[in-house]
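Ready to practise reading helix packing and ligand contacts? Keep the viewer open and work through the exercises below one at a time.

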Amino acid sequence: MKNMNFEDELLKRTKDVWEIVESFLPAVEGHQSTVLEAMDYSIRAGGKRLRPMLMRETYCLFGGMGKEIEPFMAAIEMIHTSSLIHDDLPCMDNDTLRRGLPTAWVKFGYDMAVLAGDGLLIYSMETAAKALDFSDRPDRVARAMGILAQKTGIFGMIGGQTVDVELAGKPIPGEKLDFIYRLKTGALLEASMMIGALLGGASEDELKAVEEMASKIGLAFQIQDDILDVTSNAEVLGKPVFSDEKNNKTTYVTLEGMEQAKMAVERISAEAVACLQKLPGENRFLEELIRMLVNREK
Ligand code: GRG
């Protein structure tokens, strides 16, 4: 990152990442075009594209230079978008605005939104498998697909969401909240960075270190999300504020208070940057990205 203005570079890399993701989207056509349209609408709606960006930056950190990362970048954004579609459903957070647009269920109906979430989720696996066409290490691609599935499923994001939904309206002890955050938000960030590291050629010890760093980023990211739900506004966030209060959710802010929450974000993100600095290689953009993620305003 030579003489880089971080904001400009972030814009440029976000555009590059989006072009890669977009190149893997299925055409909206055929008898099932309604569900394809709902998938397409939700993924094109915007968003920061953080997960594929973190994946690519971690891949570069370990010296990765090929194209086998690209299907995985698209896959992780598909999974993330599928989780947002389902998270907004009336049976979950019942939200009507996402990424500044009507949510998928508002636009396409409850039935099509469920199917669009399912469709994106499984199309992500079909997409990730395309990495075999670009790689001479099928063993790594197979392992990366395993990580992707595990961190998405009941031992990852879906597991965390289960506990989150079950405990809505009930008091949650700190360690359970920690479990929810590590899984529902942290797991996909872990998958993103671990897959980048694995395909980039990281050793087993390095892979573990990356998982730990990403887990910290996930925790700080979710606490910041809780903070923004109270302090920001719908125009900036592109989604409703006070969604947690509406759904009687215990969050880090309701449990520990705003000041403690802000201090936790600072502390945990500094720990994540320290983890990054212990890894071999240098990626100043990634370091700045981690700082930006947790200090973000949307
Ligand atoms: C898809 C089968 C299936 C299940 C989904 C609903 C669910 C299970 C999980 C919800 C996970 C969730 C939405 C966690 C919150 C994570 C979070 C803080 C999301 C916001 O991420 P950003 O800020 O969003 O990166 P953008 O819009 O920028 O991409």
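**Exercise 1.** Work out how helix α4 and helix α7 run relative to one another, and which residues bring them together.

*Solution.* Before you start, keep in mind that you're looking at a predicted model.
- Step 1: Take the geometry. Helix α4 covers residues 69-87, and it packs against α7 at an angle of about 10°, with the axes 12 Å apart.
- Step 2: Turn the angle into a direction. Angles under 35 degrees count as roughly parallel, so α4 is roughly parallel to α7.
- Step 3: Find the residues. Phe 72, Ala 75, Ile 76 and Ile 79 from α4 touch Val 141, Ala 144, Met 145, Leu 148 and Thr 152 from α7.
- Step 4: Sort them by type. You should get eight nonpolar, one polar and no charged.

**Exercise 2.** Now do the job again for helix α6 and helix α7: what are the angle and the axis distance, and what is the handedness of the crossing?

*Solution.*
- Step 1: Helix α6 (residues 110-128) meets helix α7 (residues 138-152) at about 165°, and their axes are 10 Å apart.
- Step 2: Anything over 145 degrees counts as roughly antiparallel, which means α6 is roughly antiparallel to α7.
- Step 3: As for handedness, α6 goes past α7 in a right-handed crossing.
- Step 4: On the α6 side, look for Leu 121, Met 125 and Ala 128; on the α7 side, look for Val 141, Met 145, Leu 148, Ala 149 and Thr 152. This contact between α6 and α7 splits into seven nonpolar, one polar and no charged residues.

**Exercise 3.** Describe the pairing of helix α3 with helix α9.

*Solution.*
- Step 1: α3 spans residues 50-61 and α9 spans residues 174-200; their axes come within 7 Å and cross at roughly 30°.
- Step 2: With that angle, α3 is therefore roughly parallel to α9, and the crossing is right-handed.
- Step 3: α3 supplies Arg 51, Leu 54, Met 55, Thr 58 and Tyr 59, while the α9 residues include Leu 188, Ser 192, Ile 195 and Gly 200.
- Step 4: Your tally for α3 with α9 should be nine nonpolar, four polar and one charged.

**Exercise 4.** Which residues come nearest to the ligand?

*Solution.*
- Step 1: There are 19 residues around the ligand, and the nearest are Lys 48, Arg 51, His 80, Arg 99 and Gln 161.
- Step 2: Check some distances. A side-chain N or O atom of Arg 51 is 2.8 Å from a ligand oxygen. For His 80, a polar side-chain atom sits 2.7 Å from an oxygen atom of the ligand. For Arg 99, the corresponding distance is 2.8 Å.

**Exercise 5.** Where is Pro 26 found, and what does Pro 26 contact?

*Solution.*
- Step 1: Pro 26 is in the loop between α1 (6-22) and α2 (33-44).
- Step 2: Skip neighbours within four places in sequence, and Pro 26 contacts Leu 36, Met 39, Asp 40 and Tyr 123.
- Step 3: Take Asp 40 from that list. Pro 26 and Asp 40 are 14 residues apart along the chain, with 8.1 Å between their C-alpha atoms.

Definitions and conventions
Residues are numbered from 1 along each chain as its sequence is written. This is a predicted model: local features need pLDDT of at least 70, side-chain atom pairs count only at pLDDT 80 or more; totals for chains, interfaces and linings use all residues. Side-chain values use heavy atoms; hydrogens and water are left out. Axes are lines fitted to C-alpha atoms, for helices over the stretch in contact, and angles run from 0 to 180 degrees between N-to-C directions. Helices (H or I, at least four residues) and strands (E, at least two) are DSSP runs, numbered from the N terminus. Angles under 35 degrees count as roughly parallel, over 145 as roughly antiparallel, 65 to 115 as roughly perpendicular and the rest as oblique. A crossing is left-handed if the near helix is turned anticlockwise from the far one by less than a right angle, and right-handed if clockwise. Contact means heavy atoms within 4.5 Å. Ala, Val, Leu, Ile, Met, Phe, Trp, Tyr, Cys and Pro count as nonpolar, Asp, Glu, Lys and Arg as charged, and the others, Gly among them, as polar. A residue is near a molecule or strand if one of its heavy atoms lies within 4 Å of it. A polar contact is a pair of N or O atoms within 3.5 Å; within protein, one must be able to donate a hydrogen and the other to accept it, and residues adjacent in sequence count only if both atoms are side-chain atoms.
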